[in-house]
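Dear colleague,

Here is the structure I said I would pass on. My notes on it follow below.

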Amino acid sequence: MEQELNDLMKVRREKLAELQAKGINPFGERFAVTHHAQAVRDNFASLENQPVRLAGRLIAKRRQGKAGFANLQDVTGQIQIYIRRDETGEAMYDLFTKADIGDFYGVSGHVFKTGKGEISVWVKELTLLTKSLRALPEKWHGLKDMELRYRQRYLDLIVNPEVRRTFILRSRIIQAMRRFLDRRGFLEVETPVLHPIAGGAAARPFITHHNTLDMALYLRIALELHLKRLIVGGLERVYEIGRIFRNEGISTKHNPEFTMVEIYQAYGDYTDMMELTENLVAAVAQEVLGATQVTYQGEVIDLTPPWPRLNMLAAVKQYTGVEFAAIPTAQAAREVADRLGVPVEPGASRGQVLESIFEARVEKHLVQPHFITGHPVEISPLAKRNATQPEYTDRFEVFITGREIGNAFSELNDPLDQRERFERQLAMRQAGDEEAHMMDEDFVTALEYGMPPTGGLGIGVDRLVMLLTDSPSIRDVILFPTMRPRED
């Protein structure tokens, strides 16, 4: 193994051995921290000349004869430390001089300001907490290789402060969502990740096997069907923030595992979910960012409610000129799609063609928040039919920056209609559509016991975080995105 180590790693291994020979533990013990870097800077007036204890990673080091400066980085940022040999003693100062960039240290001292006005900590005691055996990426080059950043997120977090900020904001966004829903009387629950039937969405699942039960199981593709079982059981307002798994492609908008919040409200409908959606997003933005106007990739997005409502048929007509409502058959719809240059499956239904045209020609124009309503029954197997246009459903999708971030509907609570739709989906599945919904007998049974009129909503947490952190790719907001293993 020694032959495989590069020169820098060999030097660090030698320093490791030297420390151990001196009886210094290179992978030290706990260190009681009293302050963080940002708090020291923010509260300098009250902390000047006061004792503090900080810990973090050594990011930069400069020696000036018998004294030295260094930058210590913790979760809040960096702060300068100052050390003098005549105050700490020879052994402790020697520990500083031989320190490597990337090592973790604890410092005890008092807060002061240098002659150049830099808020710093005057070190009285220096403690090695962890010896770093690998060199960090050169600070003047940083970590720019996107693939390496995603594969080694720990390095990305060390050297790119804006990345740390993104993931701190992600946590705060989710906390703000919980607070908003809790204040409205929703109960947070947990439902299974392993399902005997993949349901609640049109998606290809991941399949696994349970050895003891000798049965196939699916990683969940949605939270929906278990949450609606809870509505049947009398829990009137429920939500879950959970990980979803779909065996699909990877892009700037898609990762095989992602986070969703799904919300269900008994005695409501999709219009209640519209009000909930726009107020939830606006409230989260206000709490976390201090404003309901955000800038995404140079475009100012106004999240202030209310948001425009636009029927899917009207949207297609607006952006393609096609009066889709006048198209009588699926064959005629496929011919229109062909003229528009929109690819569709040979046997696609009229509703599926409408969806394909919308996705190809309309979505990219929906930069500001929009609710798109009036989805065909064929693509909405779990949504309630519209009372006046039964071939369409009481459903909406919400689009911002040209991408869908949420989906909601008045939940289908007619068990007979639900069974018929499952059977049609099952026929599509048997014909080769791997994303068609499976038959879920237990869910139909639950509906037969009675589910009150209910509004349901799902929001893609990752896409919302992308918007609120100005991140161009979903991989920028998932700490460990799915990656193909390196061949080397």
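How many residues in the lining of the largest cavity are nonpolar, polar and charged? This is a predicted model, and in it the lining has 7 nonpolar, 1 polar and 2 charged residues. The residues concerned are Ala198, Ala201, Ala203, Pro205, Ile221, Arg429, Glu435, Ala436, His437 and Met438. The space inside comes to about 30 Å³, and the count of cavities of 30 Å³ or more is 1.

On to the sheets. Strands of a sheet pair through backbone hydrogen bonds, in either a parallel or an antiparallel way.

One sheet is a closed barrel of 5 strands with mixed pairing, in the order β1-β2-β3-β5-β4. On average, its neighbouring strands are turned by 55° against each other, direction ignored. Helix α5 (residues 90-97) packs on this sheet and touches β1, β2, β3, β4 and β5; the direction of α5 makes about 85° with that of β5. Within the barrel, β1 (residues 51-64) and β4 (residues 104-113) are antiparallel and share 7 bridges. Leucine 54 has valine 107 in β4 as its bridge partner.

An open sheet is built from 8 strands, ordered β6-β10-β11-β18-β17-β16-β15-β14, again with mixed pairing. At its edges are β6 (187-188) and β14 (309-311), each paired on one side only. Strands β10 (residues 237-245) and β11 (residues 257-266) run antiparallel and are joined by 9 bridges. Arginine 243 stands opposite threonine 259 in β11. Helix α11 (residues 312-320) lies across β14, β15 and β16, at about 80° to β14.

Regards

How values were computed:
Residues are numbered from 1 along each chain as its sequence is written. This is a predicted model: local features need pLDDT of at least 70, side-chain atom pairs count only at pLDDT 80 or more; totals for chains, interfaces and linings use all residues. Side-chain values use heavy atoms; hydrogens and water are left out. On a 1 Å grid over the protein atoms alone, a cavity is a set of points where a 1.4 Å probe fits but cannot get out, and a pocket is an open set with protein on both sides within 12 Å along at least five of seven lines; lining residues have an atom within 4 Å of a point. Grid points are joined across faces, edges and corners, and a volume is the space filled by probe spheres set on the points. Ala, Val, Leu, Ile, Met, Phe, Trp, Tyr, Cys and Pro count as nonpolar, Asp, Glu, Lys and Arg as charged, and the others, Gly among them, as polar. Two strands pair if DSSP finds at least two bridges between them. Helices (H or I, at least four residues) and strands (E, at least two) are DSSP runs, numbered from the N terminus. Axes are lines fitted to C-alpha atoms, for helices over the stretch in contact, and angles run from 0 to 180 degrees between N-to-C directions. Contact means heavy atoms within 4.5 Å.
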